[in-house]
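Colleague: Could you walk me through one part of this model, slowly and residue by residue? I would love to see how its charged side chains are placed and what surrounds them.

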Amino acid sequence: RDIANVVPETWKEGQEFFRSPQFSFRLGEIVVSFRSDGSRRFGKIVQVNGDNTYDVLVDRAGGEGAGQFRTDRAKDIGKIAAGRSLQDELRASDRTKESLQRSDRKERASKAKIGDPIPPEWQAGSDFALSPTSSFKSGEIVVAARTDGSLRFGAVKSVQGDGLYEVQVDQSGRRIYFAGSLGKVQT
């Protein structure tokens, strides 16, 4: 399946490929792209934009390098079935999406400066977990609930015992936290 080749007429949606707004796609994945002229061509995911849109290489201009691409929403891209049902593809896509989200959270937490606010779109329960039964290791990056109500990145400096942790909360200060006031980043 080469980029820009026409998808065979015999390929039917619901059999050889599926479309769904719930799908996620991997970088480099070969997909069915729907062109403005109504044709269906093979495309390649060249950018995952993070907002349920993807840049799809739809035509090569002189080989492997630069070419034409378009930005499409997941619902407008065909996922090649690979012998699986729509439900199997949706389950696999959910696992891929969660894996990408975990990788993104891990990367953002590792690059954050101590005391930085957490990303505004992060939600307790999905991006980080607050629980009095959580345990943390020295050096672990955590979400710290501050007295002003804000949630910021912190780093565990030492384990005090009995569910207490010494946490670096900004460049100059450390504070003792109970486990339930610290969020474990979901990675």
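Modeller: Happy to! Let's begin with D55, whose side chain makes a polar contact of 3.2 Å with the side chain of N49. Please keep in mind as we go that this is a predicted model. D55 sits in strand β4, which covers residues 53-60. This aspartate is buried, yet it has no salt bridge. The nearest side chain of opposite charge belongs to R70, and that one is 9.3 Å away. A salt bridge needs the nitrogen and the carboxyl oxygen within 4 Å, so R70 does not qualify as a partner for D55. Beyond four places in sequence, the residues in contact with D55 include K44, I45, V46 and Q47. F69, R70 and T71 also belong to that set of contacts, as does N49.

From there, we can step across to strand β3, which spans residues 40-48 and holds V48. V48 is partly exposed, with a relative accessible area of 31%. Together with L27 and L100, V48 forms a nonpolar patch on the surface, and the three share about 260 Å² of accessible area.

G43 is in strand β3 too, but G43 is buried, at 0% relative accessibility. Leaving out neighbours within four places in sequence, G43 has contacts that include I3, V56 and L57. E29, I30, V31 and S33 are also in contact with G43. The C-alpha atoms of G43 and G28 are 9.4 Å apart, while 15 residues separate the two along the chain.

E29, one of those contacts of G43, brings us back to charge. In general, side chains of opposite charge can pair when their charged atoms come close. Here, R26 and E29 meet in a salt bridge, at 3.8 Å from N to O. Their surroundings are not alike: R26 is partly exposed at 48% relative accessible area, whereas E29 is buried at 9%. K79 joins these two in a network of salt bridges. This lysine lies in strand β6, residues 77-80, and is buried, with a relative accessible area of 6%. The side chain of K79 also reaches the backbone oxygen of S24, at 3.2 Å. So where D55 is buried without a salt bridge, K79 is buried and belongs to a salt-bridge network.

For comparison, here are two pairs from elsewhere; the structure holds 9 salt bridges. E121 and R108 form one of them, with their closest N and O atoms 2.7 Å apart. E121 lies in the loop between α1 (86-111) and β7, and R108 in helix α1, so this pair ties together parts that are 13 residues apart in sequence. Both ends are partly exposed, E121 at 45% and R108 at 31%.

K184 and E140 make another salt bridge, at 2.8 Å from N to O. Because K184 is in strand β12 (residues 182-185) and E140 in the loop between β7 and β8, this pair ties together parts that are 44 residues apart in sequence. K184 is partly exposed at 25%, while E140 is buried at 17%. A polar atom of the E140 side chain also lies 3.0 Å from the backbone nitrogen of K137. Beyond four places in sequence, E140 touches S135, G154, A155, V156 and K184.

Technical notes
Residues numbered from 1 in each chain as written. Predicted model: local features only at pLDDT ≥ 70, side-chain atom pairs only at ≥ 80, totals over all residues. Heavy atoms only, no water. Helix = DSSP H or I, 4+ residues; strand = E, 2+ residues; numbered from the N terminus. Buried < 20%, exposed > 50% of the residue type's maximum accessible area, 1.4 Å probe, protein only. Lys, Arg positive; Asp, Glu negative; His and termini not counted. Polar contact = N/O pair within 3.5 Å; in protein donor to acceptor, adjacent residues only side chain to side chain. Contact = heavy atoms within 4.5 Å. Patch = residues over 30% accessible without salt bridge, like charges linked within 9 Å, V, L, I, M, F, W, Y side chains within 5 Å. Areas by Shrake-Rupley, 256 points an atom, 1.4 Å probe, with all protein chains shown as cover.
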